[in-house]
Structures are given as C-alpha cells and as structure tokens.
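Me: I'd like a close look at one part of this protein: the strand that feeds the nonpolar core, together with whatever packs around it. Could you walk me through that region and then work outwards?

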Amino acid sequence: MGNPPTAFEDEPVPAAAARRTNPAKVRAARADPKRPGEKCRAEAGRFIPVVDLARCEGKSDCTEVCPYDVFEVGRITDADFGALSVFGKLRSIAHQRQVAYAVRADACHACGLCVVACPENAITLSASTI
C-alpha cells in the first residue's frame, strides 16, 4: 500500500521532520512559485539562511517549516538590539524583542521553505563562505 505522502513529498528530509513542522505551512511554502533554493538537495552548509533582525518579528514560521531544525526564536541579544536603527528598535520592542536566529545554519540544505514562509520577508539564503 505504501506510505502516505508527507508535506515534503519527494524532498529528501529527515523522517523526524514531520513531527517538528507544521504540515499545512510546509505545503503552502512548497507551492510558492517564488521559493528559492535547491529543494533540500544542497549539501548541508553550502548555503546559510540570513535573518534580517530589523525585519524579523519572531513569529516562528521559519521554525514551523524547517525540516533541519535550523532556527530558534528568542529574545534579541543586547548587542544585536543596539545595532538596530531607531525604527528597528521600535519594531523589535513592539514584538517583545523576539527574533529568529539561525542557530544551526550549518545544517541548512537550501530548501527555501523558510524564505517563503517568513511573513516579514526577513530571511534570505546566502552561499556559504566556509
């Protein structure tokens, strides 16, 4: 009979991803025609997600679609907060100083799901310099 389809369809992601992600958000991100990346087929660490902390509002959409557990949402560090513009600081305060950090950026496989799932367009994929 076979396994039922997953939110990731034919993309090579860890089996545990289904437990850590929001399948509805994953399906929506997969269907986005503007989705960048290599559909989870890049070698880990070849690309890294870059979060624009001035735009990020810490809504956690990136954590809900990332199959490689790259992101964590938490309080912006004092150093990062201090580097924001006045508008960025006001925006951060309005959102309880919550932002996403790519704490495991080296695990990124360039799915691009986080890029299209982010409602603030605060995430981009960048070629790694490592």
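Reply: Happy to. Keep in mind that this is a predicted model, so everything below is computed from predicted coordinates.

Let's begin with β1, which covers residues 47-51. Its side chains alternate: F47, P49 and V51 face one way and are buried, whereas I48 and V50 face the other way and are not. The partner to look at is β4 (123-127). β1 and β4 run antiparallel to each other, paired over five bridges, and V50 sits opposite T124 of β4.

Now zoom in on P49, on the buried face of β1. Its relative accessible area is 6%, so it counts as buried. Setting aside neighbours within four places in sequence, P49 is in contact with V70, F71, A102, A105, C108, I123, T124 and L125. R104 is worth a glance here too: it is 55 residues from P49 in sequence, yet the two C-alpha atoms are 9.6 Å apart.

From P49 it's one step to F71, since the two are in contact. F71 also touches V51, another of the buried side chains of β1. Beyond its neighbours within four places in sequence, the rest of its contacts are C62, T63, C66, Y101, A102, V103, R104, C114 and I123. I123 is therefore shared, as it is in contact with P49 as well and with F71.

That brings us to the core itself. The largest nonpolar core has 29 residues, and F71, L113 and I123 are the ones with the most contacts inside it. Which elements give two or more residues to this core? They are α2 (23-31), α3, β3 (98-101) and α6. Among these, α6 gives the most, with four residues. As general background, nonpolar side chains tend to be buried together in soluble globular proteins.

The packing does leave some gaps. There are two cavities of 30 Å³ or more in the structure. The largest has a volume of about 90 Å³, and 14 residues line it, with C66, P67, C108, C111 and C114 closest to its centre. You've met some of these names already: C66 and C114 are both contacts of F71, and C108 is a contact of P49. The lining of this largest cavity is made up of 12 nonpolar residues, two polar ones and no charged ones.

The second largest cavity holds about 70 Å³ of space. Its lining has 13 residues, and those closest to the centre are C56, C62, C118, P119 and E120. Here C62 is the link back to F71, as the two are in contact. The lining divides into eight nonpolar, two polar and three charged residues.

Two loops nearby in the chain order deserve a look for their backbone. D69 sits in the loop between α3 (61-65) and β2 (72-75), and it has a positive phi of about 55 degrees although it is not a glycine. For context, most residues other than glycine have a negative phi. D69 is partly exposed, because its relative accessibility is 35%. N121 is a similar story: it lies in the loop between α6 (113-117) and β4, and its phi is also positive, near 55 degrees, in a residue other than glycine. With 54% relative accessibility, N121 counts as exposed.

Working outwards, take E43, in the loop between α2 and β1. Its relative accessible area is 60%, so E43 is exposed. Leaving aside neighbours within four places in sequence, E43 is in contact with C108 and H109. So C108, which is among the residues closest to the centre of the largest cavity, is touched by exposed E43 and by buried P49. V65 is another matter: it is 22 residues from E43 along the chain, and their C-alpha atoms are separated by 19 Å.

A15 is in the segment before α1 (17-20) and is exposed, at 72% relative accessibility. Its C-alpha atom lies 8.9 Å from that of P67, although 52 residues separate the two in sequence. P67 is again one of the residues closest to the centre of the largest cavity.

One last stop is S92, in helix α5 (residues 86-94). S92 is buried, with a relative accessible area of 3%. Not counting residues up to four places away in sequence, S92 touches I76, F81, L84, R97 and Q98.

Conventions. Residues are numbered from 1 along each chain as its sequence is written. This is a predicted model: local features need pLDDT of at least 70, side-chain atom pairs count only at pLDDT 80 or more; totals for chains, interfaces and linings use all residues. Side-chain values use heavy atoms; hydrogens and water are left out. Buried means under 20% relative accessible area, exposed over 50%, partly exposed in between (1.4 Å probe, protein chains only). On a 1 Å grid over the protein atoms alone, a cavity is a set of points where a 1.4 Å probe fits but cannot get out, and a pocket is an open set with protein on both sides within 12 Å along at least five of seven lines; lining residues have an atom within 4 Å of a point. Grid points are joined across faces, edges and corners, and a volume is the space filled by probe spheres set on the points. Ala, Val, Leu, Ile, Met, Phe, Trp, Tyr, Cys and Pro count as nonpolar, Asp, Glu, Lys and Arg as charged, and the others, Gly among them, as polar. Two strands pair if DSSP finds at least two bridges between them. A nonpolar core is a set of buried Ala, Val, Leu, Ile, Met, Phe, Trp, Tyr and Cys residues joined through side-chain atoms within 4.5 Å. Contact means heavy atoms within 4.5 Å.
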